[in-house]
Amino acid sequence: MGSAGTEVRLQVGSCLRTLSSSRDSGEIVHALRTLTHYLEDGEFTRKHYTRALQVLVSAQSSHWFNRSRDDEIKRLWDEIFLRGPPDQTLQLLLDTISSTGESAGLERCVSVLEKFLSAARLQVLLWSRCDGGGSYSDTPQLRETIIGHLAALPSITSNHLHTNTPDAFLPQQYYPLLATSILDTLEKTCHALRAGQDCSLGFVAQVLGKVCIQGHSSQMFEILAPRLSSLTRVDPLWQRVTQRLLENVPERCTECVITGLIRCLSGAAAASRLMGNLVVTNKKAQFVLTHKLLLQQYQHPTQLLKSVLGYLALDSERRMLLKQVLRSVCQVWCNSSAVKHTSVEQQLYVSKALLLCVALLSDSEIQELRQEMLQCMLGGVQCRLDSNIVRIRRMGMVVGECLSHKLDTSGSQLKFQYEPDEEVRELKSLMEAPSVEDDEEHQPDVSSSLQPEPRVQGSAGQSVTSEPGHGSDSELDSDDDLTPYDMSADQEKKKSAPPRYVRDCLEALMSSDDADRVELTLQVLDSLLRKNVKATQEVSVQFSKVLLHLEDRYNTPRFHTLRQNAMVALTVTDIKPVVDYWTTEFYSLNYSLRQRLDILEVLALSAQELSEPIGNKHAGAQPITAVTSLEQCADITHWRQIVEKRIQSKTRRISKGGTQPAKAVPNRYAPVAGFFFFPLLRNYDRPQVTFDLMGGDHLVLGRLLHTLGLLMHLAINAPVASQMGRALLDFVWVVRFHTDQMVRRGVMFAVCSVFLSMPGENLLAELGDDLMETRAWLADVAENDCDADCRSLAVQSLILLDKNLKSQLQIPDVES
């Protein structure tokens with residue numbers, strides 16, 4: 001053995017010296033042929049192969065390689081790279097590409113690396129580390145280096161080749177090739193196991209984990225997941241091999257591997273076949289599947305939730321974890337702090353997880369968990385009904401109804417009234433008996449989707465198809481031979497005539513029991529009040545009181561819109577008395593939240609109409625005349641559109657280097673802006689018996705802040721704008737850390753309005769010593785607030801504040 005090894009060493013040394021120094025093509029060909037002959041020799045591949053490759057790489061740029069026109073030299077050169085140990089070849093080629101500048105030698109290495117990939121050398125490399133039970137001898141450092149090169153080949157090559165990177169090295173082509181190589185290796189492993197050979201999947205698992213942790217899990221599992229799902233369905237050995245592969249994934253890579261796999265699987269049954277009881281035996285996998293994917297993340301699709309929870313439900317050992325998951329989700333869902341401080345999307349995700357868990361439980365398990373589910377339902381529904389966000393309230397109603405249906409079989413179940421939408425329908429569909437089979441196992445039957453023909457019962461009890469024109473019973477009673485009356489010109493007879501005077505309208509609304517008369521009065525009220533200014537001013541306050549307390553007793557069409565239009569007409573016709581009445585009654589006793597919200601809405605609409613230029617013909621407050629129902633009052637988009645457009649226009653001008661202040665035009669609102677604004681701030685901190693603005697009435701507080709912000713914005717260029725801005729900043733400073741999302745939105749909206757409307761010099765003087773604290777607070781909101789609207793408004797506020805700072809601190813040019 002020693003003499004053979006010495007002979008190989010001497011022959012290889014002679015060949016390498018020839019390749020390094022010879023100029024004769026015949027000698028070079030002979031040396032290359034000798035090296036290719038030794039590629040089958042284990043002594044050569046273990047001890048001399050890497051040195052031979054280094055010499056070849058160095059020689060390729062010398063005179064002998066470039067001068068030669070012999071294709072055999074190029075063929076032999078490639079053959080040595082493509083027939084030797086693939087791990088050494090890959091390592092040397094990547095190291096050379098990373099350290100070589102632009103040259104013919106670099107192009108030669110890139111070319112042979114492309115051939116290396118296309119010649120399926122990745123499969124050879126992976127299988128060499130699996131065959132024989134993983135007995136391949138190398139150091140941990142070398143093993144880690146090879147894994148790193150396999151996982152990061154696109155990055156290594158593109159970092160040096162830049163735009164000259166071949167398509168084969170790009171991630172969208174390389175990682176599917178690597179996934180296919182892994183599949184080929186797993187197939188060889190199955191064949192070897194059937195033949196009684198030992199195999200190890202540790203190296204392949206480490207490569208898979210390394211690729212996934214670098215962010216390429218989707219490109220890998222788009223190839224791996226469907227194929228493995230199909231193979232494991234018919235072959236238990238494939239199940240065993242795939243499960244062992246996932247068991248050997250390093251712990252730090254477990255999360256990205258499992259998440260990537262589940263996202264690409266077709267259902268819970270496939271997940272069960274591929275992962276087995278990994279969630280029971282691997283603590284990291286258990287944490288990811290039972291906690292992180294369900295409670296800490298919420299960006300995943302609903303299908304992933306179905307796969308994860310269905311996977312837990314498919315095995316008796318895993319069902320214990322399903323019940324554990326339900327308890328955890330229940331605790332989060334009924335946590336009032338989580339409702340206040342997490343986004344709507346995350347709450348929707350947790351609600352879906354809760355409903356899916358409940359749907360997967362058996363009747364005995366529901367009885368076992370009945371107490372936890374009941375507490376979850378009562379606490380979760382209550383804290384959501386207290387929210388100002390419409391989606392959150394509706395979410396609580398739907399989940400409450402579904403849990404009540406599962407828990408209470410006696411018939412006394414929760415029932416709410418809400419407008420169904422796509423989100424509601426999706427939540428309810430999750431309570432249907434979930435299928436844990438793979439999606440591809442159940443293709444929809446086209447014939448079953450066809451609607452059956454309507455059938456009627458025949459005289460002998462037979463089912464007979466009812467077809468038009470074939471003697472149905474309806475023909476026996478047909479009146480087609482009778483001539484119908486011509487009613488096209490008929491008109492509905494009105495029992496009452498519409499009133500023509502303001503006082504008649506007041507009397508009709510106060511005392512009439514005639515539904516038609518009330519409807520006709522409301523229909524003409526807006527125009528009558530505006531046309532008869534003198535008469536309106538005589539009864540304006542009394543009329544305002546009647547309209548504020550008016551109820552929809554007769555289900556009048558468009559009642560709320562007509563009533564609101566009339567209240568706005570009263571306000572703009574007799575401004576000071578009516579506005580004083582509204583602002584006084586806002587803080588009075590024994591008013592409902594709906595009435596207080598009506599007052600704020602009317603003040604905002606009236607201020608918008610009055611802010612129109614005096615020369616303009618009145619066209620009403622068109623953009624925001626529609627009344628918002630109590631269920632929709634969290635949506636304040638229609639108020640913010642005006643300010644949003646103004647902010648965006650200012651921001652664009654800043655980027656262009658110059659701004660022009662809004663042009664001042666005469667309007668009816670500027671002289672009376674203080675009458676609208678300041679009374680709304682006088683009693684906000686005085687709780688009443690039926691009204692606590694700074695306590696539990698968050699809905700009204702949020703709407704008040706938005707109203708004040710709008711009133712502030714409409715007062716731009718008004719003399720009183722500085723005083724209004726100073727007062728509004730003092731108010732929002734008190735509630736800037738409120739726990740309710742809508743209140744914080746109102747705070748940010750008001751701040752934007754102040755920064756937009758208040759003169760820059762007065763703004764900076766008012767902020768004074770609090771300027772840095774204000775900037776720090778806005779920056780914190782922009783970065784950390786859980787509500788996207790609050791973050792957006794905080795960014796806009798910072799932009800406006802910086803714009804004011806630059807304009808006030810700008811040093812004027814010195815004339816020469």
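These legends accompany several close-up views of a predicted model.

**View 1. Thr36 and its surroundings in helix α2.**
Let's start with a residue in helix α2, which spans residues 25–37 and includes Thr36. Because its relative accessibility is 9%, below the 20% cut-off, Thr36 counts as buried. Look next for the backbone oxygen of Arg33, which sits 2.7 Å from a polar atom of the Thr36 side chain. Once neighbours within four places in sequence are set aside, the contacts of Thr36 are Leu76, Glu79, Ile80 and Arg83.

**View 2. The largest nonpolar core, with Leu150, Met275 and Leu354.**
Here we turn to a set of 145 residues that makes up the largest nonpolar core. Within this core, Leu150, Met275 and Leu354 touch the most other members. Helix α12, residues 202–234, is the top contributor to the core, giving 13 residues. As general background, nonpolar side chains in soluble globular proteins tend to be buried together.

**View 3. Leu354 and its contacts.**
This view stays with one of the residues that touch the most other members of the largest nonpolar core, Leu354. Which residues is Leu354 in contact with, leaving aside its neighbours within four places in sequence? They are Leu326, Val329, Cys330, Trp333, Cys376, Val399 and Leu403.

**View 4. Another core, of 95 residues.**
Apart from the largest nonpolar core lies another core, made up of 95 residues. Residues to pick out here include Leu610, Tyr669, Val672 and Phe749.

**View 5. Asn555 and Arg558 in the loop between α28 and α29.**
The loop in this view runs between α28 (533–549) and α29 (559–573), and Asn555 is found in it. Although Asn555 is not a glycine, its phi is positive, at about 55 degrees. Is Asn555 buried or exposed? With a relative accessible area of 63%, over the 50% cut-off, Asn555 is exposed. Arg558 lies in the loop between α28 and α29. Arg558 is a residue other than glycine with a positive phi, near 55 degrees. Its relative accessible area is 56%, so Arg558 counts as exposed.

**View 6. Residues 440–481 and 617–639, where pLDDT is low.**
Before zooming in, keep the chain average in mind: a pLDDT of 82, with 81% of the residues scoring at least 70. Over residues 440–481 the pLDDT is below 50, and this stretch has 22 contacts in the model beyond near neighbours in sequence. Residues 617–639 stay under 50 in pLDDT, and the model has 56 contacts for them beyond four places in sequence. Where pLDDT is low, predicted coordinates should not be read in detail.

Note on methods. Residues are numbered from 1 along each chain as its sequence is written. This is a predicted model: local features need pLDDT of at least 70, side-chain atom pairs count only at pLDDT 80 or more; totals for chains, interfaces and linings use all residues. Side-chain values use heavy atoms; hydrogens and water are left out. Helices (H or I, at least four residues) and strands (E, at least two) are DSSP runs, numbered from the N terminus. Buried means under 20% relative accessible area, exposed over 50%, partly exposed in between (1.4 Å probe, protein chains only). A polar contact is a pair of N or O atoms within 3.5 Å; within protein, one must be able to donate a hydrogen and the other to accept it, and residues adjacent in sequence count only if both atoms are side-chain atoms. Contact means heavy atoms within 4.5 Å. A nonpolar core is a set of buried Ala, Val, Leu, Ile, Met, Phe, Trp, Tyr and Cys residues joined through side-chain atoms within 4.5 Å. pLDDT is the predictor's confidence in each residue, from 0 to 100.
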